[in-house]
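Welcome, and please take a moment to look over the sequence and the model before reading on. The paragraphs below will walk you through them one stop at a time.

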Amino acid sequence: MKKNCKIIVSEKKLTDAERIKKNSNYLRGTIVDDLKNEITNGFSGDNFSLIRFHGMYQQDDRDLRIERHEQKLEPRYAMMLRCRLPGGVIKAKKWLKLDYFASKYTLYGTIRLTNRQTFQFHGIFKKNLKNVHKMLHNIGLDSLATANDVNRNVLCTSNPMESLVHQEAYEWARKISNFLLPHTKAYAEIWLDQKKIVTTDKEPILGQTYLPRKFKTTVVVPPYNDVDLYANDMNFIAIVQNNKIIGFNVLIGGGLSFIHGNKNTWPFLAIEIGYISIENTLSIAEAIVTTQRDWGNRTDRANAKTRYTIQNIGLDVFKKEIEKRSNVNLEPIRNYSFTNRGDRFGWIKDINNYWSLTLFIQNGRIYDDNNKSLKSGLSKIANIHDGNFRITSNQNIIISEVSERNKSKIEKIALSYGLIDKISNVRKNSMACVSFPTCPLAMAEAERMLSFFITQLENIMLKYGVEEETIIVRVSGCPNGCGRSLLAEIGLIGKSIDRYNLYIGGNRIGNRIPKIYKENITQKEILINLKYLIKTWSNKRKAQEDFGDFVIRKNFVKEIVNPIHDFWN
Ligand code: SRM
Ligand code: SF4
């Protein structure tokens with residue numbers, strides 16, 4: 001334990017992000033002035049960062065950068081907006097409004113499901129921003145706190161109302177999300193034109209300078225770890241008795257990003273800190289968030305997430321502080337186990353005898369083109385469906401609460417619009433982050449390369465007789481790791497154009513970080529390596545042995561036990 005850590009940290013210079021938050025007048029900045037400025041499509045100075053707290057990122061189309069630069073034009077600035085949707089549930093009728101907005105007001109005309117159970121619009125011009133916020137507000141939604149240094153969209157086991165426990169877990173995801181929201185009225189004033197009614201804002205939980213870094217939360221019902229809880233800062237695993245949640249096992253400090261070449265950064269799996277009974281959930285959440293708020297490193301953003309705070313302060317000290325702040329004793333962890341992370345495709349009947357249909361959406365991208373009309377298909381379904389759409393953390397969608405009467409009609413639409421197709425298990429379990437052309441941090445392709453990459457992998461698997469098997473394959477365009485590659489059996493992380501690090505050896509339930517196998521290689525080279533590995537796996541694996549377990553047993557890579565040490569060595 002490093003006792004002096006807090007003191008050392010506070011002697012260093014605060015990051016510019018801290019100054020921006022402090023001077024922002026509770027996230028207002030001068031955003032209103034920028035909205036009036038018609039000369040540029042972008043936001044200036046601090047506002048570039050402040051709009052993120054309101055759920056928007058300023059981006060430009062990277063495919064057009066050079067061309068526009070040569071023409072001496074401003075980059076084609078447009079915003080990406082990310083909605084807040086705890087647990088990923090939205091009424092089908094509300095979906096129609098999103099569909100309309102995407103078609104009419106966005107550059108790309110698509111809706112992008114994210115792996116945190118919500119959706120993004122890419123390519124909204126500044127002049128249309130108020131429209132999108134008003135549209136969301138009218139259907140009871142917002143984009144508050146979906147980006148920057150706050151508690152992000154809260155994840156919850158996706159389910160088609162499988163049990164009352166799942167419903168309860170979803171209610172907790174909503175409660176926690178609302179409880180940890182910023183209190184500032186800046187969002188309502190700026191985007192919804194609501195009059196300023198208070199003169200002094202207060203942020204009782206987040207504080208005037210909000211959190212040191214982004215913060216992520218999940219509520220999970222075992223045995224499904226579809227939310228990938230180990231990648232999150234704060235996790236509540238439901239403990240059930242007599243079909244009711246009686247409490248939660250709490251795990252903290254997960255996160256997957258690192259910086260190429262910087263050994264002071266590493267991915268880390270959330271660790272157990274104890275069991276709490278259900279009435280203590282919000283006090284514990286508040287204690288964890290405020291401890292991270294006060295002790296997190298505000299002088300170095302690469303060392304600011306909860307996992308680094310725990311490492312800097314020591315887990316025991318962190319735990320004691322949580323107990324002190326919440327006045328709750330953390331009890332020993334109760335038994336739980338996970339079996340699975342994937343979505344369950346097809347029809348399932350729920351507790352109320354309604355049906356749910358889980359549909360595979362490659363990369364979560366909902367679009368229409370010459371081959372498929374996923375967007376039109378979903379809006380056609382939304383037109384006749386009275387229930388919900390549920391977005392999964394695997395970027396897929398569940399049409400839930402379908403009546404017996406509508407079941408065959410919905411299936412017919414899904415089939416005719418390409419929403420139901422014959423899809424291999426490896427494809428169903430694949431995922432990529434957005435990357436090019438909208439992500440400013442992208443180093444290599446991810447979403448745009450995944451489909452063809454998987455086709456080639458399918459061919460390899462077919463050749464070696466394992467085409468029915470599952471391997472979890474994930475791609476991220478840079479080491480921020482948004483595609484959760486560092487929880488995959490095969491994970492690619494972009495280094496530069498068509499160059500990736502290849503990681504292997506994660507497991508099915510998502511509690512093992514894969515290890516680097518080859519560094520900085522092309523897609524072609526990756527496939528050559530995978531061909532050899534899959535051939536060997538097919539020939540030499542034990543019965544039912546998963547790819548990730550096999551490559552570790554056969555010493556292709558060493559198992560990562562302590563990521564702080566093993567990830568780099
Ligand atoms: Fe992410 C930044 C997209 C899930 C770690 N992420 C970004 C930005 C906003 C780029 C930026 O800062 O300008 C990307 C926008 C691309 C675009 O054009 O849309 C972006 N992240 C995504 C999404 C859309 C990927 C997807 O294909 O689904 C996911 C949105 C989730 C949501 O709805 O909130 C997304 N990002 C993740 C995850 C996975 C997760 O949360 O389960 C991670 C790894 C887990 C973690 O947090 O450790 C992740 N994103 C990052 C990071 C690294 C953070 C860090 O701890 O260092 C960044 C960069 C940053 O924050 O500085 C980042
Ligand atoms: Fe962008 Fe990197 Fe995240 Fe992919 S992993 S969306 S390239 S920040």
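How many residues surround ligand 1, and which are the closest? In this predicted model, ligand 1 is surrounded by 31 residues, and the closest of them are Thr 114, His 122, Thr 438, Cys 482 and Arg 484. Sorted by class, this shell holds ten nonpolar, twelve polar and nine charged residues.

Let us see where those residues come from. Three strands, β1 (56-60), β2 (77-82) and β5 (119-124), each give at least two residues to the shell around ligand 1. Domain 1 (1-37 + 147-342) and domain 3 (427-566) each contribute at least three residues to this shell.

Now zoom in on the atoms of ligand 1. Its iron atom has a single donor from the protein: the SG atom of Cys 482, at 2.3 Å. You can find Cys 482 in the loop between β17 (473-476) and β18 (490-496). Oxygen atoms of ligand 1 also have polar partners. One partner is an N or O atom in the side chain of Arg 112, at 3.0 Å from an oxygen atom of the ligand. Lys 214 offers a side-chain N or O atom at 3.0 Å from an oxygen atom of ligand 1. With Leu 256 it is the backbone that takes part, placing an N or O atom 2.7 Å from a ligand oxygen.

Ligand 2 is our next stop, and Cys 482 turns up here too, as one of the residues around ligand 2. Other members of this shell include Cys 433, Cys 439 and Cys 478, along with Ser 435, Leu 441 and Asn 480. The shell around ligand 2 divides into seven nonpolar and five polar residues, with no charged ones.

Let us step back to the chain as a whole. Its domain assignment lists domain 1 (1-37 + 147-342), domain 2 (346-423) and domain 3 (427-566). Between the C-alpha centres of domain 2 and domain 3 the distance is 28 Å. In the contact between these two domains, eight residues come from domain 2 and eleven residues from domain 3.

Some individual residues are worth a visit. Take Asn 235, which sits in strand β8 (residues 234-241). Is Asn 235 buried or exposed? Asn 235 is buried, because its relative accessible area is 0%. Its side chain makes a polar contact of 2.6 Å with the side chain of Thr 218, and a polar atom of the Asn 235 side chain lies 3.4 Å from the backbone oxygen of Leu 229. Both Thr 218 and Leu 229 are among the residues that Asn 235 touches, as are Asn 249, Val 250, Leu 251 and Ala 270.

Follow the chain past β8 and you reach Asn 242, in the loop between β8 and β9 (244-252). Asn 242 has a relative accessible area of 75%, so it counts as exposed. Its phi angle is near 50 degrees, a positive value in a residue other than glycine. Gln 117 also has a positive phi, near 60 degrees, and is likewise not a glycine. Gln 117 belongs to the loop between β4 (111-113) and β5, and it counts as buried because its relative accessibility is 0%.

Gln 117 leads us on to Ser 158, since Ser 158 touches Gln 117 as well as Asp 226, Arg 344, Ile 391, Thr 392, Ser 393 and Ile 398. Ser 158 lies in the loop between β6 (155-156) and α8 (164-179). With 5% relative accessibility, Ser 158 is counted as buried.

Two helices give us another pair to look at. Thr 309 is part of helix α11 (residues 306-313) and is buried, at 1% relative accessibility. Its contacts include Gln 292, Trp 295 and Phe 318. Lys 320, in helix α12 (residues 315-326), counts as exposed because its relative accessibility is 59%.

Finally, look for the cis peptide bonds. One joins Pro 222 and Pro 223, with omega at about 10 degrees, and Pro 223 is in the loop between β7 (217-220) and β8. Another runs from Phe 436 to Pro 437, with omega near 5 degrees. Pro 437 is found in the loop between β16 (430-432) and α16 (447-463).

Conventions
Residues numbered from 1 in each chain as written. Chains lettered and ligands numbered in written order. Predicted model: local features only at pLDDT ≥ 70, side-chain atom pairs only at ≥ 80, totals over all residues. Heavy atoms only, no water. Near = heavy atom within 4 Å. Nonpolar A, V, L, I, M, F, W, Y, C, P; charged D, E, K, R; others polar. Donors = N, O, S within 2.8 Å, 3.2 Å for Na, K, Ca; no water. Helix = DSSP H or I, 4+ residues; strand = E, 2+ residues; numbered from the N terminus. Polar contact = N/O pair within 3.5 Å; in protein donor to acceptor, adjacent residues only side chain to side chain. Domains from an automatic or database assignment. Buried < 20%, exposed > 50% of the residue type's maximum accessible area, 1.4 Å probe, protein only. Contact = heavy atoms within 4.5 Å. Lists of a residue's contacts leave out its neighbours within four places in sequence.
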